[in-house]
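Please examine the sequence and the structure shown below. The paragraphs that follow lead through the model step by step.

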Amino acid sequence: MSRREAIKTTALATAAAAVGNVKPASAQPAPPAAPPAGPYTLPPLPYAYDALEPHIEAQTVTIHHDKHHATYVANLNKAVADHPALGKKSVDELIRDLASVPEAIRTAVRNHGGGVANHNFYWLSLKKSEGAAPKGELLKAIEKKFNSFASFQEQWTKTATTLFGSGWAWLTVDAGKELRIEATSNQDSPLTAGRTPLLTIDVWEHAYYLKYQNRRADHIAAFYHLINWDTVAERYLKAIA
Ligand code: MN
């Protein structure tokens, strides 16, 4: 092969490689049909994606908010698309009164609407607090109900750790204005049982798997560095007012 032929061969190979990188239009996956744009929307994350590091890293927060939470919103919008009156209610109102949702879409609203309500609430419960503890009236109520903050933590950890499958652990206020720790499965919310949530931890694997894999207990231990006790205290005072 002459030098000239060699240059020509190389040029052709380069051109072929470049063409090879461009997929014909027919090979591109079709974009999924867009869900209805409303009536429910995804609230923006109230802090930067990396604000909870190192306890929950940016990649988990990004996927959890932009994909999981967003998908619950999209699926709730699909569920209520033919029920404009329902869409006028807040998502918390929907979940508080599931019995009034038409039976044909009740399970979809329970699952996807619960997913929206729970995640809306979850992000606002978090802040890098590095082991801060509750204060004031909330601390008094915790000590009255659980004897001490330490025994509250013990019960919270146990509830979140032993919840079978996917779900959430909660600190709530019941109708008698008493504190309680409880768990819900899947995307069920204590709102449906008439209680007021103060704090929650998401123990679905998507909330922690990238960093902690199967070690749910490690995620729960790290969560004590992420509780926004000021927000929990505000919620408590509002619930008992
Ligand atoms: Mn989640």
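How are the donor residues of the manganese ion spaced in sequence? The spacing reads H-x54-H-x82-D-x3-H. The model is a predicted one, and in this model the manganese ion is coordinated by the NE2 atoms of His 64, His 119 and His 206 together with an OD atom of Asp 202, at 2.0 to 2.2 Å. Two of these donors deserve a closer look. His 64 belongs to helix α2, whereas His 206 sits in the loop between β3 and α7, so this pair ties together parts that are 142 residues apart in sequence. Both His 64 and His 206 are buried.

The sheet comes next. An open sheet is formed by 3 strands in the order β2-β1-β3, with antiparallel pairing. The edges are taken by β2 and β3 (196–202), each of which has a single partner strand, so one side of each lacks a neighbour in the sheet. From one strand to the next, the twist averages 25°. The antiparallel pairing of β1 with β2 extends over 7 bridges, and within the sheet Leu 171 stands opposite Ile 181 of β2. Helix α5 packs on this sheet, where it touches β1 and β2, and its direction makes about 80° with that of β2. Another helix, α4, lies across β1 and β3 and runs at about 85° to β3.

Helix α5 can now be considered residue by residue. Which of its residues are buried? They are Leu 138, Ala 141, Ile 142 and Phe 146. Viewed down the axis of α5, the buried residues fall within an arc of 100°, so they line one face of the helix. A general property of helices helps in reading this pattern: an α-helix has 3.6 residues a turn, so residues three or four places apart point the same way. On the other side of α5, Lys 140 and Lys 144 are exposed. The buried residues of α5 pack against α6 (149–162), β1 (167–173), β2 (179–185) and α9 (229–240). Just after α5, Asn 147 takes a positive phi of about 80°.

Phe 146, one of the buried residues of α5, also leads to the aromatic pairs. How many such pairs does a search of the whole structure find? The search returns 10 aromatic pairs. In general, a pair of aromatic rings is described by the distance of the centres and the angle of the planes. For Phe 146 and Phe 152, the ring centres are 5.5 Å apart and the planes stand at 65°, so this pair is edge-to-face. Phe 146 is buried because its relative accessible area is 6%, which is under 20%. Phe 152 is likewise buried, with a relative accessible area of 0%. Phe 149 and Trp 229 form a further edge-to-face pair, with 5.7 Å from centre to centre and 80° between the planes. This pair links distant parts of the chain, since Phe 149 lies in helix α6 and Trp 229 in helix α9, 80 residues apart. Both Phe 149 and Trp 229 are buried. Ring pairs join Phe 146, Phe 149, Phe 152, Trp 156, Phe 223 and Trp 229 into a cluster.

The backbone of the loops remains to be described. Where do the cis peptide bonds at Pro 39 and Pro 54 lie? Pro 39 is in the loop between α1 (3–21) and α2 (58–80), and Pro 54 is found in the loop between α1 and α2 as well. A cis peptide bond joins Gly 38 to Pro 39, with omega about 5°. From Glu 53 to Pro 54 the peptide bond is also cis, and its omega is near 5°.

Two loop residues have a positive phi although neither is a glycine. Glu 130, with phi of about 45°, lies in the loop between α4 (103–125) and α5 (136–146). Its relative accessible area is 44%, so Glu 130 falls between the 20% limit for buried and the 50% limit for exposed and is partly exposed. Gln 213 also has a positive phi of about 45° and is found in the loop between α7 (209–212) and α8 (216–223). At 31% relative accessibility, Gln 213 likewise counts as partly exposed.

Note on methods
Residues are numbered from 1 along each chain as its sequence is written. This is a predicted model: local features need pLDDT of at least 70, side-chain atom pairs count only at pLDDT 80 or more; totals for chains, interfaces and linings use all residues. Side-chain values use heavy atoms; hydrogens and water are left out. Helices (H or I, at least four residues) and strands (E, at least two) are DSSP runs, numbered from the N terminus. Buried means under 20% relative accessible area, exposed over 50%, partly exposed in between (1.4 Å probe, protein chains only). The arc is that of the directions from the helix axis to the C-beta atoms. Contact means heavy atoms within 4.5 Å. Two strands pair if DSSP finds at least two bridges between them. Axes are lines fitted to C-alpha atoms, for helices over the stretch in contact, and angles run from 0 to 180 degrees between N-to-C directions. Donors are N, O and S atoms within 2.8 Å of the metal (3.2 Å for Na, K and Ca); water is not among the atoms, so sites may look incomplete. Rings of Phe, Tyr and Trp (its six-membered ring) pair if their centres lie within 6.5 Å; planes under 30 degrees apart count as stacked, over 60 as edge-to-face and the rest as tilted.
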